[in-house]
Amino acid sequence: MGTHNQSAVTEFVLLGLSAHPKLEKTFFVLILLMYLVILLGNGVLILVTILDSRLHTPMYFFLGNLSFLDICYTTSSIPLVLDGFLTPRKTISFSGCAVQMFLSFAMGATECVLLGMMAFDRYVAICNPLRYPVVMSKAAYMPMAAGSWVAGGANSLVQISLAVQLPFCGDNVINHFTCEILAVLKLACADISTNVISMVVANVIFLGVPVLFILISYIFILTTILRIPSAEGRKKAFSTCSAHLTVVVIFYGTILFMYGKPKSKDPWGADKQDLSDKLISLFYGVLIPMLNPIIYSLRNKDVRVSVKNLVSQKCLTLQFEKDSFLFPTMRSQGPKFSLMHQINRPTVDKSTSRIRHLSSNPSAGRRELSASR
């Protein structure tokens, strides 16, 4: 009977902003722009951490993983949200819903663990700088990053496997923009206590433990920084972890706000609360991945310098392509010719112009020589 009921639900209907059609076009443009910024910002961070050899360190390796994770996390849901804003009837297949839940859940859990790994990296760099090359060697930080992905994927696999085994009795309307797992569990017509217990345990492991680990790490970090005698030294030490600390505060602060704020008891305000909850969840999934590359770019000198170098190299390449189009003989000599051509271009100053004038007019030169005598 349960199998029959489950097979009857072949797709889900996503409500999204169906009750507010005037907002859909506005949010489509806004979310699309934010998504493009996410792709551009995190894509640039990934490029500079790969191309710039000075950034081949554990901290920037973790940062590259975080940027790639943010791209995967938003790509698993934002295209579906954008399509829902333009489609009158927003539907998703049962299997498509399961895949989308798996990716979103896996990326979220992986980010929690990865932020904890990054906190440990900052702890070793500031509290034990002499041992940093040994503790955070390539043989250590690469398995740490890989373990974050494996742990997040394994947790998501368990949660989604339990969810898709539930029977669904015909009610297939999800009051959300995407297949959010809590919204899907509400549609099940069976006891979901096992799912709830499993998610509570997962939240303790993937939210509580990393938060506790990060908190302890930063207690030791701040204690070490305060022991530095010079103000310049304290500022320099804190600047190495300020970007990560900012990201952690925004990430976990938003989660606490989403799930810790009190529910409205006014039945007339239930619709408004549902709308606000959905919008907060939507912007949480878009705003944080958009802010991460901005925070790391603004608060990290090495990243800013690498981005400037990458942009200048791109501009040089474009200049060479332009010169090659105008002067085809330059193509075989490479972009260095274009640069050296501009560097070694002769400049004509007043003395050079004077010499040319006298050499072309010998009589004027003799008159000037006799006048000087």
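This passage describes the nonpolar cores and the internal cavities of the structure. The model is predicted, so that local features require pLDDT of at least 70 and side-chain atom pairs count only at pLDDT 80 or more, whereas totals for chains, interfaces and linings use all residues. Residues are numbered from 1 along each chain as its sequence is written, and side-chain values use heavy atoms, with hydrogens and water left out.

The largest nonpolar core (buried Ala, Val, Leu, Ile, Met, Phe, Trp, Tyr and Cys residues joined through side-chain atoms within 4.5 Å; buried being under 20% relative accessible area with a 1.4 Å probe, protein chains only) contains 41 residues. Those touching the most other members are Phe62, Leu115, Met136, Ile214, Phe251, Tyr252 and Tyr296. Two or more residues each are given by helices H2 (21-51), H3 (58-75), H5 (94-127), H7 (138-164), H9 (193-226), H10 (231-260) and H11 (270-298), helices being DSSP runs of H or I with at least four residues, numbered from the N terminus. H5 supplies the largest share, nine residues. Apart from this core lies another of 22 residues, including Val9, Ala98, Phe168 and Val184.

Three cavities of 30 Å³ or more were found, a cavity being a set of points on a 1 Å grid over the protein atoms alone where a 1.4 Å probe fits but cannot get out. The largest has a volume of about 80 Å³, taken as the space filled by probe spheres set on the points, which are joined across faces, edges and corners. Of its 13 lining residues (an atom within 4 Å of a point), Met59, Arg122, Thr240, His244 and Tyr296 are the closest to the centre. H10 contributes the largest share of this lining, five residues.

Notes
Buried < 20%, exposed > 50% of the residue type's maximum accessible area, 1.4 Å probe, protein only. 1 Å grid on protein atoms, 1.4 Å probe; cavity = no way out; pocket = protein on both sides within 12 Å on 5 of 7 lines; lining within 4 Å.
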